[in-house]
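Biologist: I'm new to this one and would like a guided tour. Could you show me the sequence and the structure before we start?

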Amino acid sequence: MSKWYNGGGADNDIVLFSKVRLARNLSDTPFKSRMSREIKRNTIKKLYACVKNSELAGDFNIFDLAAASDVKAVSYAEKQLISPEFAKEKGAFLLSSNENVSVMLCEEDHIRITAFAGGLATEKAYEQADKIDNVFIENMKIAFDESLGFLTASPINLGTGLKVTVAMHLPAIKSNGGIARLASMVGKLGLSLRPLYSEKGAFYLLSNQISMGISEKAAIDNINAVAAQIIRQERNLRDVMKNSEVWEDKLYRSMGTLKMARRLDFSEFIELISDVRLGISLGFFDEDIFTVDDLIHNLADGSVLSDSDSEDEHELAPKIRAGILRDKLK
């Protein structure tokens, strides 16, 4: 089955994906920090049964990471289906068939729903998350207070329990020295802008920081409006790049390295693929941007090793990655 990241979406030359996260808790169950092993196990069974007895029964499977290798658990975290901490804990989570919705069971909160949609499609991501959220709300005792909203393990998530994120590719703004100014500007609007890959490449996550005192619709509208402004700024700066021989040379060199390299660390891959993705949007390359986004999503170390059955040979990841790139970018 085709995965959610193979389908593109609005403004996908700049926006890789939209993501929505909802945090929920059961009113009759202690928070994870106070759970015994038995209570945690029973809570997971109860939450899974809730979904299996609903109209979404055929849409989700449960994955118990206790039975998975460390590398496989890390690969799920790399794809943002679970948190890195959850991967280490080897918890259990629900996952839809095309991987657009995951539900961590007993992470920081009892229920952590994450939904993805390609491109700038925050409403679509929210609709997907809301669908399974309604199953829990209608069938379980969810902790809610008329004044505080949904009760969460961390006070920062009180209220709607909603976090909306837009993943953006901003090489033109970065090269123009504008990321720090942009981060400061969005911070004043109650949003954050942070690197997706630890400053490697030009990939950034735009997210809301406030979930209390604001409706879900208002939070989504706010982030959409700011994202639209950033998109316009990035496009205006890219127009200047189209006629730059310096940029053309840099982007072709990056493409050449990806096509010819025999070993590539993930950090170097991200730097180079960021250039190639820009080159596609500027019309320098004929490659499909969906192919590039698939590579970005699937070529971190854990995913590469897990998919190649080389889980115990970590030193092989750069070689395997380079081989995949030579095969895909012809």
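Modeller: Some vocabulary comes before the tour: two strands pair if DSSP finds at least two bridges between them. Helices (H or I, at least four residues) and strands (E, at least two) are themselves DSSP runs, numbered from the N terminus. This is a predicted model, where local features need pLDDT of at least 70 and side-chain atom pairs count only at pLDDT 80 or more, while totals for chains, interfaces and linings use all residues. Residues are numbered from 1 along each chain as its sequence is written, and side-chain values use heavy atoms, with hydrogens and water left out.

Biologist: Let's try the strands, then. Which residue in E5 stands opposite Met-104?

Modeller: Strand E4 (residues 101-105) and strand E5 (residues 111-118) run antiparallel and are joined by 5 bridges. They form a hairpin with 5 residues between the strands, and Cys-106 there has a positive phi near 60 degrees. Across from Met-104 in this pairing, you'll find Arg-112.

Biologist: And which residue in E4 stands opposite Ala-92?

Modeller: E3 and E4 also pair, in the antiparallel sense, over 4 bridges. This hairpin has 4 residues between its strands, and Glu-99 in the turn shows a positive phi of about 65 degrees. Opposite Ala-92 sits Leu-105.

Biologist: How many residues of E4 are buried?

Modeller: Buried means under 20% relative accessible area, against over 50% for exposed and partly exposed in between (1.4 Å probe, protein chains only). In a regular strand the side chains alternate between the two faces of the sheet. In E4, Val-101, Val-103 and Leu-105 are buried on one side, and Ser-102 and Met-104 are buried on the other. The count is therefore 5 of 5.

Biologist: What about helix H2? Which residue with a positive phi follows H2?

Modeller: H2 spans residues 70-78, and Val-71, Ala-73, Ser-75, Tyr-76 and Ala-77 are buried in it. Their cover includes strand E2 (60-64), helix H3 (84-89), strand E3 (92-96) and helix H11 (301-307). After H2, with a phi near 65 degrees, comes Gln-80.

Biologist: Now the packed helices. Are H1 and H4 roughly parallel or roughly perpendicular?

Modeller: Helix H1 (residues 37-52) and helix H4 (residues 122-139) have axes 10 Å apart, at an angle of about 110 degrees. Axes are lines fitted to C-alpha atoms, for helices over the stretch in contact (heavy atoms within 4.5 Å), and angles run from 0 to 180 degrees between N-to-C directions. At the meeting point, Leu-47, Cys-50 and Val-51 in H1 touch Ile-132, Val-135, Phe-136 and Asn-139 in H4. Under 35 degrees counts as roughly parallel, over 145 as roughly antiparallel, 65 to 115 as roughly perpendicular and the rest as oblique, so H1 and H4 are roughly perpendicular.

Biologist: How is H4 oriented relative to H7?

Modeller: In this pair, Thr-122, Glu-123 and Tyr-126 in H4 meet Glu-216, Ile-220, Ile-223 and Asn-224 in H7. The axes of H4 and helix H7 (residues 216-241) come within 10 Å and cross at roughly 150 degrees. That angle makes the pair roughly antiparallel.

Biologist: One last spot: how far apart in space are Gly-161 and Ser-211, C-alpha to C-alpha?

Modeller: Gly-161 lies in the loop between strand E7 (149-150) and strand E8 (162-169), and is buried because its relative accessible area is 0%. Leaving aside neighbours within four places in sequence, Gly-161 is in contact with Arg-21, Leu-22, Ala-23, Arg-24 and Ser-211. Gly-161 and Ser-211 are 50 residues apart in sequence, and their distance in space is 6.0 Å.
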